[in-house]
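User: I am new to this structure and should like to be guided through it by questions and answers. Please begin once it is shown.

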Amino acid sequence: MSDFVSASNVFLDNPATSCDEALKFLSDKAVELGISSDAAAVLEAFKAREEEGSTGMMGGFAIPHAKSKAIDKAAVEVVKFSGDVDWTTMDEKPVKVAIALLIPDTEAGTTHLKLLSKVAVMLMHADFCKAVLASEDPAQIAQTINDGLDK
Amino acid sequence: MAEDKQTYDIIAATGCPTGIAHTFMAKEALQQAAAAKGLTIKVETHGQVGIEDELTPAQIKAAKAVVVAADKDVEAERFAGKPMVTVGVSKCLSQEAAEALIDRALAAKPAGEVTSEVAAAGSDDEVVEKETVGHTIYKHLMNGVSHMLVFVVAGGVLTAVSFLWGITSYDSTASDYNSFAAMLKIIGGIAMNLMVPVLSAYIAESIGKRPALVPGFVAGMIAITGLPVSAETGLIDAGGTGVGFGFLGGIVGGFLSGYVILGLEKLLSKMPENLNGLKAIFLYPLLSTFIVGLVMLGISGPMATINTGMMNFLKSLDSSGPIVLGLAIGCMCAFDMGGPVNKAAYVTGTALLTEALTAGVGTDTYNFGTNFMAAVSAACIVPPLITTFAVIVGKKYFSQEDHDAGIVNLILGCTHITEGAIPFMTKNIWPVMPIMMCGSSIASILTIFWGVHDPAPHGGFLVLPVVDGGGLWVLAILIGTVVGGILFVAFKKYEYDKAHKGLEAA
């Protein structure tokens, strides 16, 4: 049983309406959760990745990711928004859920990097997306991701 | 490493700059799409943790089509000659998009020529099984050669261009001195000197991935510098000079480095995972460089002995007649192209030439020395020209890359830069080395026989005006080139036919 994602990394009813606001929120939370000690550096890494190409996907999902020396450990943050977030997506629909990957910039910890990749791959599965959209329980959402990691 | 021997309908490579999310999402989309179409697929991922599920040449060969979905270099040149589509990774993030890409790839026209590595790959399991060892060695070697080739071209051509001002134009005390030519020669020389280290490093990289680059480069540098020994004390001395062992040493060093890294990885695999960072930036480079460096210095120690032994041997052949002497010079020059054997012949040539020039025109010493030098130069000019002849006459048997390199070798050969032939020789030491030796020997023998006298130590055809018997000299070189070239084409044709029989059987 994996416990890579805990309920405290899942945030509901976020009022953000723009991509920048969402990324700012994710960066601040990363510091609160002890993933990083430098919110500004994390935000910068998120934004740098969006500039290379939007991480907005289909069906209301986005998968922002930040790779930075300021990130101390590999982690996942999930945020569900109360309204629509303006984000460039592949189907041009607004984003409802962001699943953020925080990636430390070292060669160590291959195992954790692979877990992050598995989270990304889950977004390609309709069942997973449906389950995350439907749930309003942080523990359950975290569990859905962890179950996926065990597969 | 157990190699995946299965073959697939579709092969794909995915990659993105971060190497965490999109690379793997695209892989998933492709796998879903292939499954929906009832096709088998293998997807190679270029992620943050390195390349996973690496495609083998046999799999590339067997695949019906290739999909590349990447925003970074995934070495797509491997797929030349296959029906292929190439898109950014974001165009491959849904099953529908991936299905469309597979359809487009299957319908695509193959572009370019299949690389020789892929063409040579075994087409059925039995052959793959048999060729595994030989083929992996070849694959590592090719990785080194393809990285080295560009250094040879850049360095060789710049050096050749500097000769246009005169063959001693780099020397500030010479009458034809030109500071720009000197700079060209310096830049060219540095690029040429990187050739063996790059060869060694990328053979190593092919075996042991990135960590092997460090010992690989160091081994290559030792291969060209040798074990430095003090002239005064005869002891190992960091301030001394050594005799390197050229590209053959670089090949040995490359394989050594690669396998030392694999060995260290196995040895240190028991270490806790949180020390991985320490391993990568401290333990691997430190230990591998120490081990490889010691071994390389150890085996390069005797090189000076080989070198002086060869020089004495050559001088002792004075009276043995043109055929024996020419054969010895030709074989030595073409043997290791810059290693101790080649250097022995060249240095003996320049030493005899110095004696000759001191003795003055008309003396026996002059005639012998300049004749010897002409034979050495002829033997050094022939190998690159053989490759030029071969790629023109046997064009279809060579890859585009080899073909272009062969054409550049026309310039390198005409200016006495033997190194141009090294990449061709490295790929197939047997039988290319004896072919080169044969061509060089013929040119040397004829040069001695026809009494050609060359009073310049370098410069190739640029010094023709001062060569006594220049016409015959060029003729001797051309005969050597044509004979060697025909043999080389015959070999490549044999190899090509063999590979194509494999293709038809597949």
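User: In what order do the elements of chain A run from the N terminus on?

Analyst: This is a predicted model. The secondary structure of chain A comes to five helices and five strands. From the N terminus on, these elements run β-α-α-β-β-β-β-α-α-α.

User: Is strand β5 (residues 95-104) of chain A largely enclosed or left open, and why?

Analyst: A residue counts as buried when 20 or more other C-beta atoms lie within 10 Å of its own. Nine of the 10 residues of β5(A) are buried, so the rest of the structure surrounds this strand for the most part. Across the 151 residues of chain A, 46% count as buried. The answer for β5(A) is therefore: largely enclosed.

User: Which strand of chain A is joined to β5(A) by seven bridges?

Analyst: Strand β2 (residues 61-62) of chain A runs parallel to β5(A), with two bridges between them; here A:Phe61 has A:Val97 as its bridge partner. Strand β3 (residues 65-68) of chain A is also parallel to β5(A), over four bridges, and A:His65 is partnered with A:Leu101. An antiparallel pairing, in which A:Val78 has A:Ile99 as its bridge partner, supplies the seven bridges: the strand is β4 (residues 75-85) of chain A.

User: Which element of chain B gives the largest share of the side that touches chain A?

Analyst: The contact draws 25 residues from chain A and 20 residues from chain B. On the side of chain B, α1 (22-37) and α9 (276-300) each supply at least two residues. The largest share, five residues, comes from α1(B).

User: How do the residues on that side of chain B divide by character?

Analyst: Glycine is counted as polar in this grouping. The residues of chain B that touch chain A divide into nine nonpolar, nine polar and two charged.

User: Which strands stand at the edges of the sheet in chain B?

Analyst: Five strands of chain B form an open sheet of mixed pairing, in the order β3-β2-β1-β4-β5. Each edge strand has a single partner, so one of its sides has no neighbour in the sheet. The edge strands are β3 (50-52) and β5 (84-87) of chain B.

User: At about what angle does α1(B) run to β2(B)?

Analyst: Strand β2 (residues 41-47) of chain B is parallel to β1 (residues 10-15) of chain B over six bridges, and B:Ala12 has B:Val43 as its bridge partner. Helix α1(B) lies across β1, β2 and β4 (65-70) of chain B. Its angle to β2(B) is about 175°.

Terms used: Residues are numbered from 1 along each chain as its sequence is written. Chains are lettered from A and ligands numbered from 1 in the order in which they are written. This is a predicted model: local features need pLDDT of at least 70, side-chain atom pairs count only at pLDDT 80 or more; totals for chains, interfaces and linings use all residues. A residue is buried if 20 or more other C-beta atoms lie within 10 Å of its own, exposed if 12 or fewer, and partly exposed in between; C-beta atoms are placed from the backbone. Two strands pair if DSSP finds at least two bridges between them. Two residues are in contact if their C-beta atoms, placed from the backbone, lie within 7 Å. Axes are lines fitted to C-alpha atoms, for helices over the stretch in contact, and angles run from 0 to 180 degrees between N-to-C directions.
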